[in-house]
Amino acid sequence: MSTTPEEAVAAASDLLAKNKALKKQLKAATKALMAQQAAQVLASGQQVNEVHIESAGDISVLAPLVLKGVSEETLLWAKLNGRLYFALISPAGQARDCLARLQALGEVQGGGSPKVVTGNTTLPLERVAETIN
């Protein structure tokens with residue numbers, strides 16, 4: 001406890017600045033990773049695609065990137081903490097209709113625009129995938 005109050009304030013300010021810089025780096029790295037995954041999804045040409053996410057918000061970053069290159073309804077999904085996280089992508093603007101059909105089946109949380117909705121559920125993947133057909 002030989003630190004003066006001025007030194008403690010300076011150290012705290014330094015830590016806050018470093019934390020802010022690290023958060024910016026993490027955000028940029030996450031966006032780059034999602035862009036890479038979007039390219040993989042688009043290259044696959046499949047309507048149902050498993051993706052890898054570190055947090056629930058990652059799928060919300062990925063979905064609009066995929067929307068830019070798809071021409072038909074597409075489902076992105078990932079398992080995280082025992083739940084199925086998903087993004088329903090509809091270039092024709094039917095994503096909210098798909099979400100409404102899903103919500104009628106059971107426990108589904110989500111929302112979004114007519115072209116992209118994201119959410120999570122305890123429903124099995126097969127039930128979720130049926131909604132895009």
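In what order do the elements of the chain run from the N terminus on? They run α-β-α-β-β-α-β-β-α, with 4 helices and 5 strands in the chain. Helices (H or I, at least four residues) and strands (E, at least two) are DSSP runs, numbered from the N terminus. The radius of gyration of the chain is 19 Å, well over the 14 Å that the globule rule gives for 133 residues, so the chain is more spread out than a compact globule. That radius is taken over C-alpha atoms, and the globule rule is 2.2 Å times the number of residues to the power 0.38.

This is a predicted model, in which local features need pLDDT of at least 70 and side-chain atom pairs count only at pLDDT 80 or more, while totals for chains, interfaces and linings use all residues. Residues are numbered from 1 along each chain as its sequence is written, and side-chain values use heavy atoms, with hydrogens and water left out.

**The whole chain**

Display the C-alpha trace, which spans about 65 × 30 × 25 Å along its principal axes. Of the 133 residues, 35% count as buried; buried means under 20% relative accessible area, exposed over 50%, and partly exposed in between (1.4 Å probe, protein chains only).

**Helix H1**

Select residues 5–44, which form helix H1. This helix has 40 residues and reaches 58 Å from its first C-alpha to its last, close to the 58 Å expected at 1.5 Å a residue. The expected span is 1.5 Å times one less than the number of residues.

Next, colour Met 34, Gln 37, Ala 38 and Val 41, which are buried in H1. An α-helix has 3.6 residues a turn, so residues three or four places apart point the same way. The buried residues of H1 pack against strand E1 (48–50), helix H2 (58–67) and strand E2 (74–80).

Centre the view on Met 34, which counts as buried at 0% relative accessibility. Leaving aside neighbours within four places in sequence, Met 34 is in contact (heavy atoms within 4.5 Å) with His 52, Asp 58, Val 61, Leu 62 and Leu 65. Then select Gly 45, just after H1, where phi is positive at about 70 degrees.

**The loop at Asn 81**

Move to the loop between E2 and strand E3 (83–89), where Asn 81 is found. Is Asn 81 buried or exposed? At 74% relative accessibility, Asn 81 counts as exposed. Asn 81 has a positive phi of about 55 degrees although it is not a glycine. Most residues other than glycine have a negative phi.

**Helix H3 and the segment after H4**

Select helix H3 (residues 95–105) and pick out Leu 99. At 6% relative accessibility, Leu 99 counts as buried. Not counting residues up to four places away in sequence, Leu 99 touches Phe 86, Leu 88, Val 108, Gly 110, Gly 111 and Val 117. For a distance across the model, join the C-alpha atoms of Leu 99 and Leu 26: they are separated by 30 Å and lie 73 residues apart along the chain.

Finish at Thr 131, in the segment after helix H4 (125–130). Thr 131 is buried, with a relative accessible area of 5%. Which residues does Thr 131 touch, not counting those up to four places away in sequence? They are Leu 88, Cys 98, Arg 101 and Leu 102. Leu 88 thus appears among the contacts of Leu 99 and among those of Thr 131.
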